[in-house]
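Please look through the sequence and the predicted model shown below. The report that follows takes up a metal site, then a sheet, then a single residue, and ends with the whole chain.

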Amino acid sequence: MKIRRSCSLLTLAGFGACFLVSLSFDATEARAKTHEVAMTAVETDVVIDGSGERYAAWTFNGTMPGPVVRVTEGDTIKFTLTNPAENKNPHAMDFHAAEIDFLKNYRAVNAGETISFTFVAKKPGVFFYHCGAPPMIQHIARGMFGAIIVDPKNAKGWPKADREYVLIQSEHFKNPGDVQAMFDRKYDGMMFNGGIFKYHPFVTGGGKLDAKPGERVRVYFVNAGPNEFSSFHPIGEIWDNVYESGNPANKLSGVQTYVVGPGSAATFDVVVESAGAYPLVTHSLTGALRGAIAVLVASPDAKPQPLMPMVPWKVTTPQTGITPAPEQ
Ligand SMILES: [Cu+2]
């Protein structure tokens, strides 16, 4: 509006330039979208490994992790969380992509209640989202986490990716009610996308991530924690670029291993040089050897895959885009 007001003060000779400024201003505004994102807190069992092991999870929309939310820098998100009456616990939502008052917006709502808030995704990147209801350590450990990708408005600010994946690391505690074990860091497994060795083809039921040799594979990586740091490394490769918090402005080159702390995220590009297998691991080996290995298999006939590929565990996996709440 300030631009328009200043225009009226310009002379006729300056009108043309003023019109151009107004036009580009309006065009930028018109591109920004508003997304209605609705999620439901679902307390339910999920399958966490290829043996069919079930876990009494607390989730967004019934899956661990919750759905991937994907918007563009400058977009508005109108978010609603429903905590159905049949749940036993309060739940909340905290989007790391938002810059809004925590007390008002991230407060827990009891079963039978809903909460709504609105924010503008002003900074591009990949961000963590999670439940913040107390004890937060337990709500995250039990599965209430996910990723929001805020694509940069300027898509030319970084190389175009040929293939994209989302990987979310989190700790698994066998006894979902043992909050003390969570405080004591006594985790039993380390998961990528809610599964132990979920993308390890040599483990029963394990899947894989596909790529073609020469492709630029972009991994949006989130560390849900709740406690452990990830030391993310591609075995047999080097990260071509790492972008802290997934922001194209935060670019590192030729990185072997990059640490992502709990509650943080980064975007990793790897260009696989030749056909073969490239395990993506946390090089904190107690985590890798307890489940945090995702094997990127490069072969010329690699098929397209969703952001979070399915594995044959009879468990639904969230897909790209904004997934609507499940039907009740
Ligand atoms: Cu919760």
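## The copper site

In this predicted model, the copper ion is coordinated by four residues, His91 through ND1, Cys131 through SG, His139 through ND1 and Met144 through SD, at 2.1 to 2.4 Å. Along the chain, these donors follow the spacing H-x39-C-x7-H-x4-M. Within this set, Cys131 and Met144 form a pair that links distant parts of the chain, 13 residues apart: Cys131 sits in the loop between strand 7 (125–130) and helix 4 (136–141), whereas Met144 sits in the loop between helix 4 and strand 8 (145–151). Both Cys131 and Met144 are buried.

Why is the arrangement of the four donor atoms around the copper ion called irregular? The angles that the donor atoms subtend run from 83 to 135 degrees, and four donors count as tetrahedral only if all angles lie between 85 and 135 degrees, so the arrangement is irregular.

## A sheet of six strands

Elsewhere in the model there is an open sheet of six strands, which has the order 10-9-12-17-14-15 and mixed pairing. Strand 10 (189–192) and strand 15 (251–255) stand at the edges, and each has a single partner strand, so one side of each is left without a neighbour in the sheet. On average, and with direction ignored, neighbouring strands of this sheet are turned by 25 degrees against each other.

Inside this order, strand 9 and strand 12 run parallel and are joined by eight bridges, and Arg163 stands opposite Val217 in strand 12. The residue ranges of some strands are listed here.

| Strand | Residues |
|---|---|
| Strand 9 | residues 163–172 |
| Strand 12 | residues 216–225 |
| Strand 17 | residues 264–271 |

## Asp269 in strand 17

Is Asp269, which lies in strand 17, buried or exposed? The relative accessible area of Asp269 is 0%, and buried means under 20%, so Asp269 counts as buried. The side chain of Asp269 makes a polar contact with the side chain of Arg218, at 2.8 Å. If residues up to four places away in sequence are not counted, Asp269 touches Arg216, Val217, Arg218, Trp239, Asp240, Asn241 and Tyr243.

## The whole chain

Taken as a whole, the protein holds six helices and 19 strands, and 52% of its 328 residues count as buried. Among the contacts in the protein with a separation of 6 or more, 70% are accounted for by residues 24 or more positions apart.

How values were computed. Residues numbered from 1 in each chain as written. Predicted model: local features only at pLDDT ≥ 70, side-chain atom pairs only at ≥ 80, totals over all residues. Heavy atoms only, no water. Donors = N, O, S within 2.8 Å, 3.2 Å for Na, K, Ca; no water. Tetrahedral: all angles 85-135°; square planar, octahedral: opposite > 155°, others 65-115°. Helix = DSSP H or I, 4+ residues; strand = E, 2+ residues; numbered from the N terminus. Buried < 20%, exposed > 50% of the residue type's maximum accessible area, 1.4 Å probe, protein only. Pairing = 2+ DSSP bridges. Axes fitted to C-alpha atoms, helices over the stretch in contact; angles between N-to-C directions. Polar contact = N/O pair within 3.5 Å; in protein donor to acceptor, adjacent residues only side chain to side chain. Contact = heavy atoms within 4.5 Å.
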